[in-house]
Amino acid sequence: MRYTEHVLGGMAVMSSAETKTTVPTTTKAPTAAEVLVRCLEAEGVEYIFGIPGEENLEVCQALGESGIKFVTVRHEQGAAFMADVYGRLTGKAGVCLATLGPGATNLITGVADANSDGAPVVAITGQVGTDRMHLTSHQYLDLNGLYAPITKRTKQIVRPDSIPEVVRIAFKYAQAEKPGAAHIDFPCDIAAMPVEPGPATTPILPPQTRAEYPDTRDVAAAAALVNAAKHPVILAGNAAVRAHAAEAITQFAESLRIPVVTTMMAKGVIPYSSPYSAGTVGIPQKDYQNEMLDEADLVICIGYDLVEYAPPKWNHKPGRPLVHIDASMAHVNSYYQPSVQVVGDVSAALAWMRERCNRHEEPVYVEQLRAKRREEFHSIAASDDFPVKPQRILADVRRVMGPDDILLSDVGAHKMWIARHYGCYKPNTCIISNGFASMGIAVPGAIAAKLVHPERNVLAVTGDGGFMMNCQEIETAVRLGVPFVTLIFHDDSYGLIKWKQDDRYGEHKFVDFGNPDFVMFAQSMHARGYRITSADELVPTLQDAFASGQVCIIDCPVDYGENEKLTQRLQGLTTELAG
């Protein structure tokens, strides 16, 4: 007997030549976990980085029916770092997922890093059922209390009908300037509850945002200070990158002949080939850039965030005028009290100021300082010594990397050399964590960078200390088929702390360790491994690694005797500024 099915007014009607039977149909209400996933889809989430656990089973089940790609990692810290770098590169919140207890605590370092560095992240944790929260329970922690100091907002879902609101609020806070982390705690019994169709199952769509323009009176006041200054200097920070203001800053600097010093997280906001690119500030020692800031009679701070480089380290002149240009008002600090604040769209502010400014004098001293830096760098960057000097490593890396390729720096002594000597042509082509400054970010961060930009070469530069903190994610990269290259500065120690100890005490303690054979480690992870045995091998090795289309690890012994030599050179730094 053949049947045909018709749907009429919510009833399925079965018919045949002999019989007609009416059967009521029921629409299954979605679970709260399914509503959560719908809301994540509405936010445009592409990836969720995390590890399944017993208390997030409902969410994982719902994700299995979604177009969102779940990236299974080997440690929750890696998941948070991936979300961190994804958020920094895209401006959209990266999402990481963990279960309760140890899973949730393992996320904390990466979430705190994102919050401090201004990277939008939404962290979602499983939780015990609401029937257990008043008791001493297995793996239970007050996650709202735990996450409150390291996020912009943390909320526990206590009603299944509140999910669209909780999710939208989390993304709003994470992505609003200054971006950072938001946290959603999701009890497992709430996740399994059905949600009646209607507003409670309908995602709240993100609003369209428009640029907010600065007050023209503030623009005029700032322009007047620029016109009156003899030695103005621009200090550009990470918020300028988030504001997509690189072109506006370059035009402003080059048309008005004002040198630009960047923080580590703003590298590339002016091409380092520009004659007004004055390098990066932030290493512990007083450098050429500090000389420029010391001698400036006006500092124009564009997208500057105090967490990147504290004001007492560069603003020693009481009463010196400061201009603050950003999408947000300046933070409160005794050493950072701007004379004028131009708050609003950064590119518009700079364009309007440029129309009101009239400067033609070349900052001769900037070229003098650039020449000294070039001479110092190139005299060592050509060295064939082995182990390889950090200057030579970075000169060779720059030769291989294209202007759009991405270098991710871990935290350690190599970060100081990268900040000082790795020149960038564009923003977000050198990723440095310098707000929270977390070791272990480079390898998981490189996975996220390659997912965002599969067409670019991605290089994770790390010390042997930082590499071993999240080296397990090499397996994740191999499994995903996400090829990038890791370059290890190998010195068998925590090199940056050794450098600081030697500077302060003339000796070091507790910083030395052993290492695995990194080539064999790579092979055990089904990646490709290389070992550098002479300085002239690095360029062809990097070229071969990128051409291989595989996940690669390059073990490069480094001569960190250059650390102390740099300290000695900078301690004797004296510069006479022209004019």
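**Unusual backbone and aromatic pairs**

Student: In this predicted model, where is K178 found?

Tutor: The model is a prediction, and K178 can be placed by the elements on either side of this residue. Helix α7 covers residues 163–175 and strand β9 covers residues 181–187, and K178 is found in the loop between α7 and β9.

Student: What is the omega of the cis peptide bond that joins E177 and K178?

Tutor: Most peptide bonds are trans. The bond that joins E177 and K178 is a cis peptide bond, and its omega is about -15°.

Student: Which loop holds P387, and what is omega for the peptide bond from F386 to P387?

Tutor: P387 has its place in the loop between α14 (364–381) and α15 (390–400). The peptide bond that runs from F386 to P387 is cis, with omega near 0°.

Student: Is R257 buried, partly exposed or exposed, and what is its phi?

Tutor: R257 is found in the loop between α11 (246–256) and β11 (260–262). Its relative accessible area is 23%, so R257 counts as partly exposed, a class that begins where buried, under 20%, ends. Most residues other than glycine have a negative phi. R257 is not a glycine, and yet its phi is positive, at about 60°.

Student: Is H526 buried or exposed?

Tutor: H526 lies in the loop between α21 (518–524) and β20 (528–531), and its phi is positive, near 65°, in a residue other than glycine. The relative accessibility of H526 is 66%, and because exposed means over 50%, H526 counts as exposed.

Student: The structure holds twelve aromatic pairs; how are the rings of Y47 and Y86 arranged?

Tutor: A pair of aromatic rings is described by the distance of the centres and the angle of the planes. The centres of the Y47 and Y86 rings are 6.2 Å apart and their planes stand at 75°, and because planes over 60 degrees apart count in this way, the pair is edge-to-face.

Student: How many residues apart are Y47 and Y86 along the chain?

Tutor: Y47 is in strand β4 (residues 47–50), whereas Y86 is in helix α3 (residues 76–90). The pair therefore links distant parts of the chain, with Y47 and Y86 separated by 39 residues.

Student: Which of the residues Y47 and Y86 has a relative accessible area of 4%?

Tutor: Y47 counts as buried at 14% relative accessibility. The residue that is buried with a relative accessible area of 4% is Y86.

Student: Which residue lies over the face of Y47?

Tutor: Ring pairs link Y47, F49 and Y86 into a cluster. At 5.5 Å from the ring centre of Y47, the residue over its face is K69.

Notes: Residues are numbered from 1 along each chain as its sequence is written. This is a predicted model: local features need pLDDT of at least 70, side-chain atom pairs count only at pLDDT 80 or more; totals for chains, interfaces and linings use all residues. Side-chain values use heavy atoms; hydrogens and water are left out. Helices (H or I, at least four residues) and strands (E, at least two) are DSSP runs, numbered from the N terminus. Buried means under 20% relative accessible area, exposed over 50%, partly exposed in between (1.4 Å probe, protein chains only). Rings of Phe, Tyr and Trp (its six-membered ring) pair if their centres lie within 6.5 Å; planes under 30 degrees apart count as stacked, over 60 as edge-to-face and the rest as tilted. A charge sits over a ring if NZ of Lys or CZ of Arg is within 6 Å of the ring centre and within 35 degrees of the ring normal.
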